Amino acid sequence: MMAATEISHTDVLVIGWGLAGLVATVEAVSAGKRVILLDQEPRTNVGGQAWWSFGGLFLVDSPEQRRMKVRDSLALAQQDWWGTAGFDRPEDLWPRRWAEGYLDFAAGEKRAWLRGKGISFFPVVGWAERGGYGATGPGNSVPRFHITWGTGPGVVAPFLRDVEHAESAGSVRILPRHRVTALTRNDGTITGAEGEILAPSGAARGRPSSREVVGEFRISAGATVIASGGIGGNPDLVRQAWPDRLGAPPATMLAGVPAYVDGSMMRTAEDAGARVINGDRMWHYVEGLHNVEPVWPGHGIRILPGPSSLWMDARGTRLPVPLFPGFDTLGTLAHLRRTGFDHSWFVLSSRIVEKEFTLSGSEQNPDLTGKDLPLLLRSRLGRGASAPVQAFLDRGQDVVVRDTLDELIAGMQALPGGDVLDAAHVRREVEARDREVENTFTKDAQIALLRSARAFRGDRLIRTAAPHRLLDPKAGPLIAVRLGIVTRKTLGGIETDLDGRALDDTGDAIPGLFAAGEASGFGGGGVHGYRALEGTFLGGCLFSGRAAGRGAAAAV
């Protein structure tokens, strides 16, 4: 027999305990409100996707940039954002306003606000999404990717600490294993939520948990904040939303987020009258590997590549300019989807791996996550690949390591999908590329950009190998990596105004309902437009969570 319905009352209800939900909770409590924070998963998953992240944050004209001789400005960041987002729809009204607000935040109080909470940054700024087009095209003109000391857990920690302190003081109640199935309404006002209580679970962080229902609940609240994430863990929804401009949806995908990122609250919000926009805008990576130690089903790890690897499609044809590693994620995705295959290849040397391969995720970077300076110096500045990268070289099902090019190609052809690889084509591309390296000048755009990148001290120090021949025996052995598509972020979501209030189809705010984080497209229903500049996802959770928490508190 199912237990009686659990009934609760609170000032603010926050649905989802990822970074946006934690920030919204902290802001509401700071305003003197009582908060119930719930999630469908066991408490081991507090922090959501942010906990697993590399912890990159987008900042503009920061002290870290200035120390690295990077000249940045709000005007340059705006130029890059507009060129990347490509806003072109009537429903981009609020996303544009959110982008303006977020850029002001990133160039203004964001760093000081985070520093005040104890968050600090690795001194070398990263250069993600480099673009490679014209000045007004997509991409970051300068390095802006600030790595949190402590990675994703380091970003989550101060907000989780404040929530737990508030829980101890009685102003926050945390309810794990509570799955919302409907928002409740009274005369057009959202008055809380109801749903199912799931069986207790001892599943570790990220592991699938039981969906056995053992009870029901109903919570009344003066304001409700949806911070439930996107659809990246639900491949069926990803394929349904896949846009024609990115080609055919892949038959096989790796999951970059746990299975609980299922998009269920999107439909629930729509049923309550909220407008969900830009559902066809999404962000998936093309440098994915099968995790050697998977946590969730289909667990994929993304390579954060430096710019030197030779990138080929499934048949062995080199990708066109400027689709080099780390330059244009969605441009590369769209190109590869037109090839008819779900995989592509990196061909590189051990010298490049040693300098340029970093794996995304807190668990793949124990030096930064653990704030271990001696380990960091050994892994980032020492000889050889880091321990997590070496594990993939030794045991990864997508990696081939060989001494000669003929042996490497044979190893590539032996992997699933390798039968379509044209050996002669691969050899021609590698040898032609190597001839271009032998002079300090070249017509090869990738090699020219490598030399330009090394003018930035951070790239020269830890991110970009000195240009060299791939077939140089001193740089060996040779390595090939079969790359798959990794699902990650939903760029569209619940349309919101700048106070985080959810809007209906007429553009009016729905009384009592707010949204934040990925559920709101990181703000407004799609602050990134079609593409992102990287380091902007966690920042979008911070900014939108703060706005929604403050807005919800003010509404009570």
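Glu534 is found in the loop that runs between β20 (509–515) and α19 (537–555), and in this predicted model the residue counts as buried, at 7% relative accessibility. The side chain of Glu534 is joined to that of Arg302 by a polar contact of 3.4 Å. When neighbours within four places in sequence are left aside, Glu534 is in contact with Phe58, Ala128, Glu129, Phe145, Trp283, Tyr285 and Arg302.

One of these partners, Phe58, leads on to the interior. The largest nonpolar core has 112 residues, and Phe58 is listed with Leu19, Trp81, Phe159 and Val481 as those with the most contacts inside it. Helix α19 supplies the largest share of this core, nine residues. Apart from this core lies another, of 24 residues, among them Ala193, Ala221, Ala269 and Ala502. Again leaving aside neighbours within four places in sequence, Phe58 is in contact with residues including Ala77, Trp81, Tyr102, Leu103 and Ala106, and also with Leu533, Glu534, Gly535 and Thr536.

Charged pairs form the next part of the picture. Side chains of opposite charge can pair when their charged atoms come close. A search of the whole structure finds 33 salt bridges, and the table gives three of them.

| Salt bridge | Closest N to O distance |
|---|---|
| Glu27 and Arg550 | 2.9 Å |
| Arg179 and Glu196 | 2.5 Å |
| Arg433 and Asp434 | 3.3 Å |

The pair of Glu27 and Arg550 links distant parts of the chain, with Glu27 in helix α1 (residues 19–30) and Arg550 in helix α19, 523 residues apart. Glu27 is buried, with a relative accessible area of 11%, whereas Arg550 is partly exposed, with a relative accessible area of 43%. In the pair of Arg179 and Glu196, Arg179 lies in strand β6 (residues 178–186) and Glu196 in strand β7 (residues 189–198), so this salt bridge ties together parts that are 17 residues apart in sequence. Glu196 is partly exposed, with a relative accessible area of 24%. In the pair of Arg433 and Asp434, both residues are buried. Salt bridges also link Glu64, Arg67 and Arg111 in a network.

Another loop residue, Gly273, has its place between α9 (264–271) and β10 (276–277), and with a relative accessible area of 28% it is partly exposed. Although Gly273 and Ile510 are 237 residues apart in sequence, their C-alpha atoms are 7.8 Å apart in space. Ile510 is also one of the residues in contact with Gly273 once neighbours within four places in sequence are left aside, the others being Arg185, Leu503, Asp504 and Asp505.

Finally, which residues form a nonpolar patch on the surface? The patch is made by Leu373, Leu377, Leu381 and Leu461, which together have about 360 Å² of accessible area. Helix α13 (residues 373–381) gives the most to this patch, with three residues. Leu373 is found in helix α13, and this leucine is partly exposed, with a relative accessible area of 48%.

Definitions and conventions
Residues numbered from 1 in each chain as written. Predicted model: local features only at pLDDT ≥ 70, side-chain atom pairs only at ≥ 80, totals over all residues. Heavy atoms only, no water. Patch = residues over 30% accessible without salt bridge, like charges linked within 9 Å, V, L, I, M, F, W, Y side chains within 5 Å. Areas by Shrake-Rupley, 256 points an atom, 1.4 Å probe, with all protein chains shown as cover. Salt bridge = Lys/Arg side-chain N within 4 Å of Asp/Glu carboxyl O. Helix = DSSP H or I, 4+ residues; strand = E, 2+ residues; numbered from the N terminus. Buried < 20%, exposed > 50% of the residue type's maximum accessible area, 1.4 Å probe, protein only. Contact = heavy atoms within 4.5 Å. Polar contact = N/O pair within 3.5 Å; in protein donor to acceptor, adjacent residues only side chain to side chain. Core = buried A, V, L, I, M, F, W, Y, C linked by side-chain atoms within 4.5 Å.
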